[in-house]
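The following exercises concern the fold, the packing and one backbone feature of a single protein. Please work through each task before reading its solution.

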Amino acid sequence: MGENAKWRIEDINFGAVDRSMVKADERLFYLLASSSFVEILSEVYSANLAEHYEGNLDAARWLKEVWQREEVRHGEALRAYVLAVWPEFDWEKSYSGFAEEYSRLCSMENLESSRALEMIARCVVETGTSTLYRCLHDSVEEPVLKKLLANIKTDEVRHYSRFKRLFIEHNSTDHQGFFPILRVIRERLLEIRGEDGYIAFKHAHLCRSENPENLEADWKKFRKSLNSLVLEHYPFRMAVEMLLSPVPVSPRIKKPVEGLLTGSAKFAVFGLSFLS
Ligand SMILES: [Fe+2]
Ligand SMILES: [Fe+2]
């Protein structure tokens, strides 16, 4: 089994899904459908990343032959799961609406001119996916989904580790320091809070809801429903440790900062859950 074949969709028995455990969970439907859209579309808007690393043959090969294929596999497996539980959902129609609107906003990703800093940006994205799938994995009971989310989560953590190694490799010549690294982390974190979640929800809602005109109210309800999931299952400490890991600071300073940021992030979400 090659590096890009840790697990295969064909090996997942979607016929064994216990639909009674998940069918009524609207929040889960929207999270899985949205994730399947974003993962599958990543092949289109990340196509220029491998070109950025053409001088590094090993990295370019890994990006094209392993990383991109695994991201698409995540999307395809999630799509198969969604359709196993909610076969009435018109995934293709919903996805094409999402892809059309999203592509208008983001034709191609803006890459950092420094190849070391671009790896930091990728580490932030992979931190987001690793922690999201870990959160979902810990929150679900249905066995087929739990196994699938465990597989995806493991892939995402491995992606993060590879991007971090590539950062170290490229930074031996780029020499990016504390402030540029922190700037990229901050900018990417702000982007994660951007519009793609709303666009994915909107197009899933259009094909799912009996009342598509209730989009705004249903989006608000969905966002609110995420608070309890995040407070109960989101791995804040893991997120902070992954984000700060490539930052060049002495471990004596890093440990207390990690504790402080973990506490602040939890407190912020806790506060938001009261305000929303
Ligand atoms: Fe992924
Ligand atoms: Fe990934």
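**Exercise 1.** Determine which pattern the protein follows when read along the sequence.

*Solution.* Read from the N terminus, the pattern is α-α-α-α-α-α-α-α-α-α-α. This corresponds to 11 helices and zero strands, where helices (H or I, at least four residues) and strands (E, at least two) are DSSP runs numbered from the N terminus. The model is predicted: local features need pLDDT of at least 70, side-chain atom pairs count only at pLDDT 80 or more, and totals for chains, interfaces and linings use all residues. Residues are numbered from 1 along each chain as its sequence is written, while chains are lettered from A and ligands numbered from 1 in the order in which they are written.

Next, consider the dimensions. The radius of gyration, taken over C-alpha atoms, is 19 Å, close to the 19 Å that the globule rule gives for 276 residues, so the protein is as compact as a globular protein of that length. The rule is 2.2 Å times the number of residues to the power 0.38. Along the principal axes, the C-alpha trace spans about 55 × 45 × 35 Å.

**Exercise 2.** Identify the residues with the most contacts inside the largest nonpolar core, and the helices that supply it.

*Solution.* A nonpolar core is a set of buried Ala, Val, Leu, Ile, Met, Phe, Trp, Tyr and Cys residues joined through C-beta atoms within 7 Å. A residue is buried if 20 or more other C-beta atoms lie within 10 Å of its own, exposed if 12 or fewer, and partly exposed in between, with C-beta atoms placed from the backbone.

- The largest core has 33 residues, and Leu32, Phe37, Tyr81, Leu148 and Ala200 have the most contacts inside it.
- H1 (26–45), H3 (57–85), H4 (91–105), H5 (115–139), H6 (143–174) and H8 (196–208) each supply at least two of its residues.
- The largest share, nine residues, comes from H1.
- A second, separate core of 24 residues includes Leu49, Leu63, Ala239 and Met242.

**Exercise 3.** Describe how the axes of H5 and H9 cross.

*Solution.* The axes, lines fitted to C-alpha atoms over the stretch in contact, with angles from 0 to 180 degrees between N-to-C directions, come within 10 Å and cross at roughly 90 degrees. H5 and H9 (residues 215–233) are therefore roughly perpendicular, the class for 65 to 115 degrees.

**Exercise 4.** Is His175 buried or exposed?

*Solution.* His175 lies in the loop between H6 and H7 (178–192). Its phi is positive, about 55 degrees, although it is not a glycine. With 9 other C-beta atoms within 10 Å, His175 is exposed.

Methods. Parallel < 35°, antiparallel > 145°, perpendicular 65-115°, else oblique.
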